[in-house]
Amino acid sequence: MSRSAPTQSFDIENAPRAAPPSFRDVEQEKRRARTLVIEFKTLLTYVREIITKRGNSKSATKGGLPQHISNQIGQHEADVDFHTIDSLVLAERLDTNLKSGLTTAEAQRRLAEWGPNALSPPPSRLLAKLANYFLGGFCWLLWIAAVLAFLAYKPIGNPNPDPTNLGLGIVVLIVIFLQAAFTAYQDYSSDKVMKSVQSMLPSSATVFRDGSWCPISAIDLVVGDLVKVKYGVKISADIRLIDVAEMRVDQSVLTGESEPVTMTTHSTSATYLESHNIALMGTLVTNGEGVGVVIATGDATVMGKIAKLSSTGTGKNGGMEQSLLQKDIALFVRIIASLAITTGVIIMVVWGAWLRRTYPTFISLSEVLVNTIGVIVAFVPDGLPFAITLTLTLVARRMASNKVLVKNLSTVETLGAVNVLASDKTGTLTQNKMVVKHIWMKGSSFTVGECGDLLQQHSGIQKFMTVTGLCNGAQFTQSETRDPAGERPVIGDATDIALLRASEQVIGIDKLHAQYSILHEIPFNSRNKWMLTLARANQGEAGEAQAPELFTKGAPDFLIGKCTHIMSHTGEVSPLDAESIQRLEKQQELWSSNGERVLLVCRKVVQEEKEIPVDWEDEFLVDRVRSGLCILGLVGIVDPPREETLNVVQVCRGAGIRLFMVTGDHGATAAAIAKQVGIFTYPELHTSAHIMNESGVTAFVNPHEAESTHTSDDDTSTRVESIEVGNRVAPLVTNFRKVSLLLTGSDLPNFIDSHWDRVFEYEEIVFSRTTPEQKLRIVEEFRSRGSVVGVTGDGVNDAPALKRAHIGIAMGGGSEVAVAAAHMVLLDNNFSSILVSLESGRLVFENLKKCLLYMLPAGSFAEMIPVLTNMFFGLPLPLSPFLMLVICVLTDVPPAIALVLEKPERDLLKRKPRDAKNDRLVNWRLLIHAYFMVGLIETLVGHILYFFFMTTQGGLRVSDLFFAFDKWQDGYHGKTGQELQELTYGGQSVMFISLVMCQAFGNLLSTRTRYLSFFQHNPLQRPTRNLGLVVAQALSLTFAIIVVHVPFFQEQFNTRAVPAGYWFAPLIGAVLIFLLDELRKFTCRSRPKGTLAKLAW
């Protein structure tokens, strides 16, 4: 395609030289650019949809836009009409003069009123981040504990402050700072987009003020200014062009499209963001020059709004949308914090209202504060942040070994809750290795080989193969090497590659390019669904110039309306009549029903040069030259399904995941492929007629006879309840319709909420002839009805849907923008890798539940009960706050981390995905199991050994210990105060060891499986080997030995050596926990619908 010489050029030699950017700077710049493209595509998609809905008011729905789009931009971009109004009307509206421009005084007034033409800097989040590091999660509870410890030491502990309280406060602070440092290390979410955008904007501009052109700083531009832009200049603000001279603009910074756009002075699109008479801030003039009126500056520009969106989350109040795991953890924090604060308040109230008055010498204020610390520490599972991060990291590494790249650790677990997976067809479900199978020309069908044999005899075949060879986006490489099949290497889209190889086989591509010169091309896109090439034969037989020829190929239903004639394989041309159309459509349906992609191939001789558009970006002019086409024929292309696809679909179905196909192909082709890969399994196939039929009469299409319809009796299998979603009531479908549903993209704009409610009821759905914009609408509709949605995609235009889905899955060979928008990437483009991802997501949830279940009994319940028995029953405190903290941050952490290493149980992908709203990480079933089974046993065993120690070592009966209250002092049962203290310290150490042993040898071994027996999931044998359990047990015992036997801890934190017998006696409790849980699992497996199974965690 020819390009005019630029009117201006840079002075390359004298331009100032900047320091070469580092690799890191380049990569950051690429990431920032991709982020802007994603946000622009998302905004553009919603603006298109708003405009479409205005044209069809019936389809208007409420709450269709994400909050961060609708709240911040709303309907504004769809309402803008600067691109459609006359330039004089524009000047009047903006109160400017197109002949003399603004006056300097008026420009200064507007600048003072509206502010400079600069993007607002992003808000500083340093304080918020520091607050999150040091107060997020459970840290704020630990701060309370630390403050209480220091207060208990001084001044409340005066005149005899206990140094143990000081040490306890310091230890708690160490825990806080470790968690804060760990969280800061994990924080990769610092957003630099807003800052970086400033570097993408120009520093100066040329404006027309006071009747003359003058350079000014770009920051001083105001709305209404006349601006001149030329080759090499970045656009300083959003401007409406009123004069252009061969001007072309590179919009890739926003659109991701590398081809520059030819600018015009008239509107070329109903959408302001796409019209070629609007030049947007930050884009680059690559050719020619132009003059325009500034219509927006600073934050009001499209760049400004997108930059703001880039630094703002999609959650409530503009915050980042939390993953399902983050929501569950936040709920868990609230539950634990509520319990801790409530219990702490109760302790303080009981002490102030009862104990302080009835037993004034029993517990001092300093000691009750220490007890409160004990309660807070008891409730907080301090090892949880480490366990969560390690779990996610290990699972992400496992996925990486299977060629799956996880970009955000917190979204890994979301995979386990996915219940809807919307997948592309080409290259995802199929091999993306397309081959031309059939060619049809006015009633005659041929193979590629037959076309080669008949080429010299029939001119129609020659013209057909010429079009498929030249109207083609693929090309052979210059390499002399051959692929394994002995064919020339080729790059391009799979469809174009198939057509290119067919033309090469029949006529020869090099020969075609020698005979023709390409004048212009319009590439295929997912909205138009056709490609166009304007070419001219180099010379005729007598050397005279030849008329240009227009070649086009694309979806038959998108092109046939432009056709007036049809050519046979012999070259005979006849008018396109109803019979020919009927035969063509019948052939299309036949091939499509066999899973072939069918394209219509057309040509036209352009008799008059004036028919050729001056501006190929003008949709009206292009549409005019495309009229009067002559049909050459149909081409059927096959793309075999991947070998693994059928198994993937079956496993997904067994895992309770609805796998939908979303494709741009014809409905019959999509339905045929869906049957081959197992997406469609039911004999009945509904279409939009059933969805739109409010009377409830079933419209039914037989996949073998696409034209026939009849009534289905299988609708009654759907059971629908309702849930409240936003401001409306949506269906909660518990049993999906056992009928397949085939919809087309043209159906979707007509759907209202009730129609989407019906769509939601189907188990098997294929969306055909869809655009990337409609894929985003599908994601929105299923999200709004409570589904956890995963989406696959690879194109630039797929970015909005990938970003909006709970899990966006990009193909490794896809565009950079798609990869940037997605949450995970299939590096090898292998669809079966999704199974590894789904299993890994479920494994994260399983193992985190196990971690919590391990940490809660001893690290929460069994630590809280000693404090309560001390407060309410007058027992000498059976477990010190320091030992409680040791359990939480030392002895419990290695086993909890070992549980992270557990392999999946065999039935992990045979269960339904968890209900993200009801099946939480922590629910009442898990708390009952942790507190009232494991925790209760550990508490009983710990107290029994505590009482036994006090009896054997101190000669005190159990009755002597209960209700001792303030009698526990010098002289009690003939013992000195020092002896009573030593006895208390020894008893506390015994209970500590008891809890550690029960945890490491009872709870750890039983918690590692939820349903299978320990022996069915043997940790010492492959494939379920987990030697980390043995290491964890050893570490836990080592920590316990150090704490109770090392003199430093004995002196500073009042621990005492524990006799050997008390190390083995707790194993009785450990065995009891193990056996009871084995019995529970056996009962659940034997009676999966029994009461115990329903109560199982």
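## A tour of salt bridges and a nonpolar patch

Start by selecting R914 and D328, whose side chains meet in a salt bridge with N and O 3.3 Å apart. This pair joins distant parts of the chain, 586 residues apart: R914 sits in the loop between α31 (893-900) and α32 (924-954), while D328 belongs to helix α12 (residues 324-358). Keep in mind as you look around that the model is predicted.

Are these two partners buried or exposed? R914 counts as buried, at 8% relative accessibility. D328 is buried too, with a relative accessible area of 2%. Both values fall under the 20% cut-off for buried.

**Next stop: R93 and D81**

Now select R93 and D81. Their side chains form a salt bridge, 2.6 Å from N to O. R93 lies in helix α4 (residues 87-94) and D81 in the loop between α3 (76-79) and α4, so this contact ties together parts that are twelve residues apart in sequence. Try showing the surface here: R93 is partly exposed at 43% relative accessibility, and D81 is partly exposed as well, at 25%.

**Next stop: D95 and R110**

Move on to D95, which forms a salt bridge with R110; their closest N and O atoms are 3.8 Å apart. D95 is in the loop between α4 and α5 (104-114), and R110 is in helix α5, so the pair connects parts that are 15 residues apart in sequence. The two ends have contrasting surroundings: D95 counts as exposed at 56% relative accessibility, whereas R110 is buried at 1%.

Which residues share a network of salt bridges with D95 and R110? Add E106, R109 and E113 to your selection, and you have the linked group. If you enjoy hunting for such contacts, there is plenty left to find: a search of the whole structure gives 37 salt bridges.

**Last stop: a nonpolar patch**

Finally, leave the charged side chains and select L135, W140, I144, I341, V345 and V349. Together they make a nonpolar patch on the surface, with about 470 Å² of accessible area. Which helix gives the most to this patch? Color α12 to see: this helix supplies three residues, and V349 is in it. Helix α7 (139-153) takes part as well, since α7 and α12 each provide at least two residues of the patch. You have met α12 before on this tour, as the helix that holds D328.

Conventions
Residues numbered from 1 in each chain as written. Predicted model: local features only at pLDDT ≥ 70, side-chain atom pairs only at ≥ 80, totals over all residues. Heavy atoms only, no water. Salt bridge = Lys/Arg side-chain N within 4 Å of Asp/Glu carboxyl O. Helix = DSSP H or I, 4+ residues; strand = E, 2+ residues; numbered from the N terminus. Buried < 20%, exposed > 50% of the residue type's maximum accessible area, 1.4 Å probe, protein only. Patch = residues over 30% accessible without salt bridge, like charges linked within 9 Å, V, L, I, M, F, W, Y side chains within 5 Å. Areas by Shrake-Rupley, 256 points an atom, 1.4 Å probe, with all protein chains shown as cover.
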